[in-house]
Amino acid sequence: MPISEKAQRAWKAGTAVVTAWTGFYGLFYIDYGPHEHCFSDLQRWYRRKLDEMLGINTQAAKQIARQRSHKNTDDNLKEEGSGSFSISIREGGDSNR
């Protein structure tokens, strides 16, 4: 039994939407690793435009990240130098045995 014309149009429309979304996601969102690739420039442009549209200041975000990293490093140094440590012990035995 062949599919009706209305069902064929719906199937084609759905296929077009899924194909377009897959292409968009693959182009702008997939992380292809740390090296440069053919989509690197487009992904940087897209992220920059998205940040502009959302009002995100990338310089301020980088500065905050640096401050947090610096604070975490200072906190870790203080903990290492204090000479105290804690041990976490689970009651009830180890369930992996």
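Which residues does Q43 touch, not counting residues up to four places away in sequence? In the predicted model examined here, Q43 touches G26, L27, F28, Y29, I30, Y32 and H37 under that condition. Q43 is found in helix α2 and, at a relative accessibility of 5%, falls under the 20% limit and therefore counts as buried. Its contacts include a polar one: the side chain of Q43 reaches the backbone oxygen of I30 at 2.9 Å.

The setting of this residue is a chain built from helices. The secondary structure of the protein chain comes to 3 helices and 0 strands, and the elements follow the pattern α-α-α along the sequence. Of the 97 residues in the protein chain, 6% are buried, and Q43 belongs to that buried fraction.

Helix α1 spans residues 5–28 and comprises 24 residues. From its first C-alpha to its last, α1 reaches 35 Å, close to the 34 Å expected at 1.5 Å a residue. The number of buried residues among the 24 of α1 is 2, so this helix lies largely in the open.

Helices α1 and α2 pack with their axes 8 Å apart and at an angle of about 95°. This angle lies between 65 and 115 degrees, and the two helices are therefore roughly perpendicular to each other. On the α1 side, the residues that meet α2 are F24, G26, L27 and F28; their counterparts in α2 are L42, Q43, Y46 and R47. Q43 thus appears both in the helix–helix contact and in the polar contact with the backbone oxygen of I30.

Aromatic residues also take part in this region. The structure holds 9 aromatic pairs. One of them is formed by Y29 and Y46, whose rings lie 5.5 Å apart centre to centre, with 75° between the planes, in an edge-to-face arrangement. The pair links distant parts of the chain, with Y29 in the loop between α1 and α2 (40–54) and Y46 in helix α2, 17 residues apart. The partners differ in accessibility class: Y29, at 37% relative accessibility, counts as partly exposed, whereas Y46 is buried, with a relative accessible area of 15%.

Ring pairs extend this arrangement into a cluster that links W21, F24, Y25, F28, Y29 and Y46. Within the cluster, F24 and F28 are also among the α1 residues that meet α2, and Y46 is among the α2 residues on the other side of that contact. Y29, another member of the cluster, is also touched by Q43.

Notes
Residues are numbered from 1 along each chain as its sequence is written. This is a predicted model: local features need pLDDT of at least 70, side-chain atom pairs count only at pLDDT 80 or more; totals for chains, interfaces and linings use all residues. Side-chain values use heavy atoms; hydrogens and water are left out. Helices (H or I, at least four residues) and strands (E, at least two) are DSSP runs, numbered from the N terminus. The expected span of a helix is 1.5 Å times one less than its number of residues. Buried means under 20% relative accessible area, exposed over 50%, partly exposed in between (1.4 Å probe, protein chains only). Rings of Phe, Tyr and Trp (its six-membered ring) pair if their centres lie within 6.5 Å; planes under 30 degrees apart count as stacked, over 60 as edge-to-face and the rest as tilted. A polar contact is a pair of N or O atoms within 3.5 Å; within protein, one must be able to donate a hydrogen and the other to accept it, and residues adjacent in sequence count only if both atoms are side-chain atoms. Contact means heavy atoms within 4.5 Å. Axes are lines fitted to C-alpha atoms, for helices over the stretch in contact, and angles run from 0 to 180 degrees between N-to-C directions. Angles under 35 degrees count as roughly parallel, over 145 as roughly antiparallel, 65 to 115 as roughly perpendicular and the rest as oblique.
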